[in-house]
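Open the model in your viewer and set side chains to sticks. This tour goes from ring to ring.

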Amino acid sequence: MAEVDLKVRDEELEDSETRPEIPSELSLLPLRDSVIYPMLIAPLSVARPHSVQLIDESVVGSNRVIGVVAQRDPNVEIPNGEDIFSYGCVVIVRTLVKMPDAVRLIVQGVTRFKVVEVLQMEPYLRARIETIEETAPVNANSEEIEALRRTVTTLFERCVALAPQLPDELRSLTQAVQEPNVMADLIAAHMPFALEDKQQVLEAVDLIERLRLLIELLGREARVLELSSKVQSEVNTELSKSQRDYYLREQLKAIQKELGESDDREQELDELRRAIDEGGIREEALREVNREYDRLRRMSPGAPEYTVARTYIDWMISLPWQKDTEDNLDLARVKKILDKDHYGLEKIKERIIEFLAVRKFKKSGVVRQPILCFVGPPGVGKTSLGRSIARAMGREFVRVSLGGMRDEAEIRGHRRTYIGALPGQIIQGIRRAGSNNPVFMLDEIDKLGTDFRGDPSSALLEVLDPEQNANFRDHYIDAPFDLSLVFFVTTANILDTIPAPLRDRMEIIELGGYTEEEKVEIAMRHLVPKQIEEHGIEPRALIWSKVALRYLIHSYTREAGVRNLEREIASVTRKATRMFAEGQAPPIRVNKAFVEQCLGSPRFIRDEVSEREMKPGIAVGLVWTPVGGDIVFVESAAMPGKGELLLTGQLGDVMKESARAALSYIRTHADERGIDPKIFADTEVHVHVPAGAIPKDGPSAGVTMLTALASLFTHKPIKPRLAMTGELTLTGQVLPVGGIKEKVLAAHRAGIETLILPDRNEKDYREEIPEEVRDKLTTHFVDDAKQVLRLALGPKSRATK
């Protein structure tokens with residue numbers, strides 16, 4: 001092995017030393033990672049056996065001249081002719097010292113040479129060479145050479161100044177050596193160039209070419225050193241600043257400790273650290289919090305990002321990652337609370353108790369939380385029922401109104417890149433609850449909107465999916481939060497506006513309107529005591545009778561729920577409170593006369609059916625609306641014409657088609673009802689549904705249209721206090737319809753005594769209609785139009801001409 005430790009030759013060869021004779025054949029000493037130049041004195045360490053043998057034989061033969069050449073690959077142990085470069089340097093061995101592990105040499109470069117032919121490989125390399133004499137340029141002081149020399153000098157001095165491994169004494173090299181060729185070789189020898197670059201300088205025989213190559217290499221090295229120096233300076237500056245800040249901070253702590261004071265910011269950060277460690281944050285979220293905390297410690301409180309990071313950490317540590325409430329599994333007590341808060345609604349109460357029964361028996365594992373959707377008209381207690389469920393189960397209650405919400409970020413939150421960003425309403429609600437298993441009510445889910453900011457209903461798909469909400473990711477917290485323990489309850493007035501995928505994720509429970517008896521019980525148990533308490537009077541000071549409440553219900557209100565009823569009760573209570581304030585002694589007993597005294601004349605003197613004169617051509621139908629059921633009158637009239645059908649009353653396409661189907665059925669079965677078939681060609685029929693300002697649509701008025709037209713053409717009025725609903729086909733079949741409970745209760749409120757319903761709705765009627773209402777109604781279930789006409793108009797007879 002040959003290792004080179006370069007030495008600067010301070011002086012040239014003394015004049016007394018003559019140049020040795022160089023033979024045409026030389027022994028070659030391969031060097032690893034080293035290049036020797038002419039006029040350079042360098043120490044070598046020779047350790048490879050074949051190289052040691054070469055030195056020994058050269059010294060014994062009194063031949064101190066050998067050739068040194070660089071290896072292409074330093075890992076080759078025994079190089080051959082292809083493993084060495086073609087150009088090398090002839091050297092004279094000046095000093096030789098044998099060591100136990102190697103031979104130490106000091107050699108001096110003489111001239112360049114080129115390998116012409118390799119003569120032997122063993123035991124060491126020997127080759128025929130061609131020496132390359134240093135030719136002086138024609139004009140040694142030419143301007144180009146001088147310019148190149150000065151450029152080399154400047155670049156070399158810059159590199160010496162920037163490179164810490166180059167001693168400052170090397171700066172004098174360019175002044176000590178005047179010959180451009182010698183100076184170029186010495187500079188190339190001392191610079192930490194790559195082996196290939198040094199070899200290129202050795203092979204550059206032409207002086208101008210050599211200087212230009214050296215300028216290129218020195219320029220690149222200077223740029224690298226400048227960049228390294230800049231980076232190192234920046235690192236040192238930052239490190240020095242950090243160390244200075246650390247020492248000053250520690251000194252400040254020591255001073256404050258001696259003075260009995262404390263650093264508010266450090267104390268604040270320590271409290272944050274404790275809160276993070278004790279918050280029970282999930283692993284992925286904890287990594288994000290720790291990252292923001294580390295940034296916070298490094299930032300100045302005046303930095304713009306400081307508040308953003310601090311707000312984020314506050315949100316994360318305030319979320320109830322592991323906090324929950326224990327469910328009340330005493331089923332009897334739960335039922336007692338539900339019954340106390342709400343009268344009726346047995347289906348919902350049973351569903352809650354069933355869920356708690358499963359919780360009672362399943363001690364381990366995840367219990368899937370129900371996602372309920374209460375659908376019903378306004379005022380039936382959907383929202384208050386959610387609060388009652390939370391109280392009965394012993395959970396926290398959170399309510400978020402979705403009505404009019406149009407921004408998807410209201411559900412998922414805003415990304416922290418925006419100024420004033422906050423989590424969505426789901427995460428905010430969980431934080432307000434303070435537990436990860438509250439009863440979470442999403443009110444008015446059917447009134448969600450959509451615009452350019454996104455679709456909130458699509459964002460709710462993940463929230464209300466038990467398979468996905470265990471890893472709900474809000475944009476603001478940017479970490480998964482477990483919503484699988486949340487008891488979600490949604491409310492809606494109608495289902496049509498809820499997207500099908502969202503509707504599919506919820507368990508639909510319909511809440512119909514209340515009967516008159518149910519309203520009386522609700523008023524006695526809840527509404528009257530509530531208004532007495534809100535008006536600040538004693539419970540015994542105002543005594544309501546059930547007769548007065550019943551009179552108030554059917555004479556002053558007509559609704560599916562109890563909101564208007566509560567307003568009227570509040571109005572009566574205010575009047576009574578004023579009387580007490582004016583000096584009247586309690587108690588006041590509320591009866592029919594007192595109700596009229598407070599509220600004026602009844603708004604509905606008679607029932608709705610008796611207010612109409614039932615002439616031939618008029619039939620009573622039942623309809624469903626978002627605010628409950630109602631009755632509708634279908635009127636028809638005949639006049640001379642060309643057999644056309646005129647429809648008015650702002651009817652929808654489906655309702656118009658039902659009228660045409662009903663007329664077609666009557667025309668095809670005219671003989672069965674005693675109607676002259678010729679009359680249709682010369683008669684124009686007009687069908688009108690009153691309340692023309694209200695849009696109407698749906699197939700359930702089909703049998704009502706049929707009955708009205710049959711009554712018109714047979715000149716027979718329908719039976720008194722009779723109403724009906726059902727879809728009619730062209731062949732006379734009566735198909736089932738929806739909203740049976742709302743329609744039947746509306747008929748009962750309007751004074752209807754007899755009902756005609758589709759046969760396939762009998763199950764709904766038996767299950768949903770309270771027994772006290774069924775006992776007051778006579779209900780017929782039909783599946784054919786003939787049955788409808790027979791029940792409504794009686795047996796067939798010849799129509800009056």
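Start by selecting R416 and Y312. The charged end of R416 sits over the Y312 ring, 4.0 Å from its centre. Bear in mind that this is a predicted model.

Now look at aromatic pairs. The count for this structure is 7. Keep Y312 selected and add Y476: these two form a tilted aromatic pair. Their centres are 5.9 Å apart, with 55 degrees between the planes. Why tilted? The angle is neither under 30 degrees, which would count as stacked, nor over 60, which would count as edge-to-face, so the pair falls in the remaining class.

Colour by secondary structure next. Y312 belongs to helix α9 (residues 304–318). Y476 lies in the loop between β11 (472–473) and β12 (480–481). The pair links distant parts of the chain, 164 residues apart.

Switch on the surface. Is Y312 buried or exposed? Y312 is buried, because its relative accessible area is 0%, under the 20% cut-off. Y476 is buried too, at 3%.

Move on to F440 and F488. This aromatic pair is also tilted: 5.6 Å centre to centre, 40 degrees between the planes. Which elements hold the two rings? F440 is in strand β10 (residues 439–443), and F488 is in strand β13 (residues 487–492). They are 48 residues apart, and the pair again links distant parts of the chain. F440 is buried, with a relative accessible area of 0%. F488 is buried, with a value of 0% as well.

Last stop: select R431 and W315. Here the charged end of R431 sits over the ring of W315, 4.0 Å from the ring centre.

Definitions and conventions. Residues numbered from 1 in each chain as written. Predicted model: local features only at pLDDT ≥ 70, side-chain atom pairs only at ≥ 80, totals over all residues. Heavy atoms only, no water. Phe/Tyr/Trp six-rings, centres within 6.5 Å; stacked < 30°, edge-to-face > 60°. Helix = DSSP H or I, 4+ residues; strand = E, 2+ residues; numbered from the N terminus. Buried < 20%, exposed > 50% of the residue type's maximum accessible area, 1.4 Å probe, protein only. Lys NZ or Arg CZ within 6 Å of the ring centre and 35° of its normal.
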